[in-house]
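Trainee: Could you take me through one part of this model in detail? I would like to start from a single helix and see what surrounds it.

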Amino acid sequence: MDLPVTVGVDTSEASLAAADWAAREALLRGRPLRVLHALPLMPHLLPGRTAGQPSDGGGLLHEVQHILAVRHPGVLLHTEEVHDVATSALSAAAEDAELLVVGARGDGGFAGLRVGSTALYLAARAGCPTVVLPAESAGPEQRDQVVVGVDARRPAEAALEFAFATAARYGLPLRAVHATVVPVADRAAGRRDGEAGLLARALAPWKAAHPGVEVVEVTECAAPGLLLVEASAKAALLVVGRRPAVRIGLLGPVAHVVLHHAACPVAVVPDA
């Protein structure tokens, strides 16, 4: 069975942008698109609603379906309304999805909020790779690479496979970024050369498996989050791994930084 690309939508512009991105991705992957809208279990308890008043979820889904059908006529599209909180509904949907896509923030929150609680929850817990679209991202003409963050000492295999496959699918070079902390010392240059060698060895099997992907290897002495945020300015997608945490549902500091500050969509890929 072909697992779908699944996207969560609400009434926000960010979710419509996420649905548009997900439709393009579904076409590239040759997968169906599942558009999911979550409604509260008891919507009549929301402010301004009365018992028996019908939800407007069907109207929203009909509008999204029409927009996507016009913009992406080749996509196989299915819409679904679920009566559950968004985090639970989308977490469940992720178990049967190839990819989960959400906007960084929905129709809740407050002005100035860059990443909402739903996006952070899913990035930390979803069982499949999760792409979070920022409120603002670089224009298509600037998106000339895929970027992946690499810990050369403990490379995240699932994230590397995802990044290489994405670069091959997009026909773009892959920029592999390894950050290292090098003390100021006479042998700092030699230490950097050693770190570059670690990165090269970490990437070697993936380069062999994807010979058509051009790879740019970057090793710099800086905070990894900062390097990745800077690289995101011209990226079509930024990929980071998510390791199993001692406390379930915690994002690592690098993923947390890039989700809040990256200028492009961010894919958080869980380890198998």
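Mentor: Happy to; we will begin with helix α1 and follow its partners outward. Keep in mind that this is a predicted model.

Helix α1 covers residues 13-29. At 1.5 Å a residue, its 17 residues should span 24 Å, and the end C-alpha atoms are indeed 24 Å apart, so expectation and model agree. Just after the helix comes Gly 30, with a positive phi near 70 degrees.

Now for the buried side of the story. The buried residues of α1 are Ser 15, Ala 18, Ala 19, Asp 20, Trp 21, Ala 22, Ala 23, Glu 25, Ala 26 and Arg 29. An α-helix has 3.6 residues a turn, so residues three or four places apart point the same way. Among the buried residues you will find Ala 18 and Ala 22, as well as Ala 19 and Ala 23. There are also charged names on that list, including Asp 20, Glu 25 and Arg 29, and these are worth following one at a time.

Take Asp 20 first. Its relative accessible area is 12%, so Asp 20 is buried, given that the cut-off is under 20%. Asp 20 pairs with Arg 71 in a salt bridge, where the closest N and O atoms are 3.4 Å apart. Because Arg 71 sits in helix α2 (residues 57-71) and Asp 20 in α1, the bridge ties together parts that are 51 residues apart in sequence. Arg 71 itself is partly exposed, at 48% relative accessible area.

Glu 25 and Arg 29 lead elsewhere. Salt bridges that share partners join them with Arg 31, Glu 98 and Arg 169 into one network. Within it, the side chains of Arg 31 and Glu 98 meet at 2.7 Å, N to O. Arg 31 belongs to the loop between α1 and β2 (33-39), while Glu 98 belongs to the loop between α3 (86-94) and β4 (99-103), so this pair links parts of the chain 67 residues apart. Both count as partly exposed: Arg 31 has 25% relative accessibility and Glu 98 has 21%. For context, a search of the whole structure finds ten salt bridges.

Next, look at what the nonpolar residues of α1 touch. Leu 133, in strand β5 (residues 130-133), is in contact with Ala 17, Ala 18 and Trp 21, among others. The other contacts of Leu 133 beyond its sequence neighbours include Val 101, Val 102, Gly 103, Ala 104 and Pro 265. Leu 133 is buried, with a relative accessible area of 8%. The C-alpha atom of Leu 133 is separated by 6.9 Å from that of Cys 264, although the two residues are 131 apart along the chain.

Finally, the wider setting. In soluble globular proteins, nonpolar side chains tend to be buried together. Here the largest nonpolar core has 45 residues, and those with the most contacts inside it are Val 7, Leu 33, Val 35, Val 101 and Val 239. You have already met Val 101 as a contact of Leu 133. Val 35, for its part, is in contact with Val 7, Leu 61, Val 64, Leu 68 and Leu 77, among others. A second, separate core of 35 residues includes Ala 93, Leu 100, Val 218 and Ala 262.

Terms used:
Residues numbered from 1 in each chain as written. Predicted model: local features only at pLDDT ≥ 70, side-chain atom pairs only at ≥ 80, totals over all residues. Heavy atoms only, no water. Salt bridge = Lys/Arg side-chain N within 4 Å of Asp/Glu carboxyl O. Helix = DSSP H or I, 4+ residues; strand = E, 2+ residues; numbered from the N terminus. Buried < 20%, exposed > 50% of the residue type's maximum accessible area, 1.4 Å probe, protein only. Core = buried A, V, L, I, M, F, W, Y, C linked by side-chain atoms within 4.5 Å. Contact = heavy atoms within 4.5 Å. Expected span 1.5 Å × (residues − 1).
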